[in-house]
Amino acid sequence: MSTLSLSHVTKKYRLRNGIHSSVLIAVDDVSFDLVSGQTIALVGQSGSGKSTIAKMILQVEKPTSGVISLDDTPVIRRGAGLRRYRKDVQMVFQDPFASLNPYHTVEHHLDRPIRLHFPELSKAQRHQRVLDLLERVRMSPAEDFAPRHPHELSGGQRQRVAIARALAPEPKILIADEPVSMLDVSIRLGVLNLLAELQRQENLGVLYITHDLATARHFSDEIMVMHQGDIIEHGPADDVILHPQHDYTKLLANAAPNPERRLKQLAK
Ligand code: ADP
Ligand code: MG
């Protein structure tokens with residue numbers, strides 16, 4: 001059982017414009033807990049601060065104030081502490097075309113995290129792990145996919161490789177920042193179903209970042225609604241959708257009036 005906690009996390013960016021400067025509060029005093037086995041959706045329109053939260057959790061950006069901790073231990077931002085945290089907290093990015101290196105094979109992408117986090121394994125054992133990971137994300141026969149380069153894969157297959165890479169270190173927490181928004185509509189549901197299945201198998205805590213309330217409701221236990229850096233609403237998914245408290249949430253809910261119908265459209 002693991003818990004990722006954000007406690008009063010704020011991120012301010014200083015914007016410079018010639019001699020003038022102003023401060024943009026991208027994330028404003030955000031607190032929440034994400035535990036193993038739970039999926040929380042972070043929903044909001046573009047620019048609301050969702051990716052900034054992801055970047056702070058991933059330690060790519062440093063909070064201006066507030067504390068991020070895993071299992072009650074504040075994150076250590078360097079050395080072995082950071083390496084251990086990076087093993088436990090993994091990420092799937094939005095763009096499957098930018099997240100893989102065109103010069104490297106699928107096997108190379110998956111072998112790297114295995115080598116880093118499990119240095120005791122032999123080359124043959126690592127190869128077996130690569131194949132197992134590919135099977136788990138339904139890239140089968142794995143032996144066919146392992147030697148391929150990204151340009152020999154579809155967008156959906158690339159995102160499956162990115163998911164396999166995120167699972168390679170055997171993380172406890174997975175941050176998925178709009179993981180299907182750049183994929184063809186026809187394959188989105190398949191990738192989300194795969195993520196949900198892996199989440200259950202591994203008992204992962206998942207932060208599912210999206211602007212789509214319909215999939216947020218379908219795939220998450222809880223929904224947090226973000227608006228201009230604030231989390232304005234946080235509750236069980238059905239409650240947030242069926243009884244929105246804030247006008248902004250109502251607006252979002254009205255933009256996706258019938259989640260079931262929308263999911264059926266996605267499934268087609
Ligand atoms: P979202 O992922 O919800 O679309 P972001 O977290 O990317 O939103 O951005 C939140 C706000 O912070 C936006 O106004 C964005 O322009 C601003 N922002 C993000 N990164 C930076 C940065 N490195 N420097 C300045 N402003 C930034
Ligand atoms: Mg974003």
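Does Asp72 count as buried or exposed, and at what relative accessibility? Select it to begin: at 76% relative accessibility, Asp72 counts as exposed, where exposed means over 50% relative accessible area, buried under 20%, and partly exposed in between, with a 1.4 Å probe and protein chains only. Asp72 sits in the loop between β4 (65-70) and β5 (73-74), and although it is not a glycine, its phi is positive, at about 70 degrees.

Before moving on, note that this is a predicted model, in which local features need pLDDT of at least 70 and side-chain atom pairs count only at pLDDT 80 or more, while totals for chains, interfaces and linings use all residues. Residues are numbered from 1 along each chain as its sequence is written, chains are lettered from A and ligands numbered from 1 in the order in which they are written, and side-chain values use heavy atoms, with hydrogens and water left out.

Next, colour the open sheet of 6 strands, whose order is β6-β7-β8-β3-β9-β10 with mixed pairing; strands here are DSSP runs of E with at least two residues, helices are runs of H or I with at least four, and both are numbered from the N terminus. Its edges are β6 (89-92) and β10 (230-236), each of which pairs on one side only, two strands being paired if DSSP finds at least two bridges between them. Direction ignored, neighbouring strands of this sheet are turned by 20 degrees against each other on average.

Now select β3 (residues 39-43), which pairs in the parallel sense with β9 (residues 222-227) over 4 bridges, Ile40 standing opposite Glu222 in β9. With strand β8 (residues 205-210), β3 also runs parallel, joined by 5 bridges, and there Val43 has Thr210 as its bridge partner. Of the 5 residues of β3, 5 are buried: Thr39, Ala41 and Val43 point one way from the strand, and Ile40 and Leu42 the other way.

Add helix α10 (residues 247-255), which lies across β3, β9 and β10 and runs at about 110 degrees to β9; axes are lines fitted to C-alpha atoms, for helices over the stretch in contact, and angles run from 0 to 180 degrees between N-to-C directions.

From β9, pick Ile223, one of the residues with the most contacts inside the largest nonpolar core, which has 51 residues. Such a core is a set of buried Ala, Val, Leu, Ile, Met, Phe, Trp, Tyr and Cys residues joined through side-chain atoms within 4.5 Å. Helix α7 (residues 185-202) gives the most to this core, with 7 residues. Apart from it lies another core, of 26 residues, among them Val9, Val30, Ile40 and Met224. Among the residues that Ile223 touches, not counting those up to four places away in sequence, are Ala41, Val43, Leu213 and Ile241, contact meaning heavy atoms within 4.5 Å.

Then centre on ligand 1, around which are residues including Tyr13, Leu15, Gln45, Gly47 and Thr52, each with a heavy atom within 4 Å of it. A polar side-chain atom of Lys50 lies 2.8 Å from an oxygen atom of the ligand, while polar backbone atoms of Ser48 and Ser51 are 3.2 Å and 2.9 Å from an oxygen atom of ligand 1.

Two backbone details close the tour. His8, in strand β1 (residues 3-17), has a positive phi of about 50 degrees although it is not a glycine. A cis peptide bond, with omega about 0 degrees, joins Ser140 and Pro141, and Pro141 is placed in the loop between α4 (123-136) and α5 (142-145).

Technical notes. A polar contact is a pair of N or O atoms within 3.5 Å; within protein, one must be able to donate a hydrogen and the other to accept it, and residues adjacent in sequence count only if both atoms are side-chain atoms.
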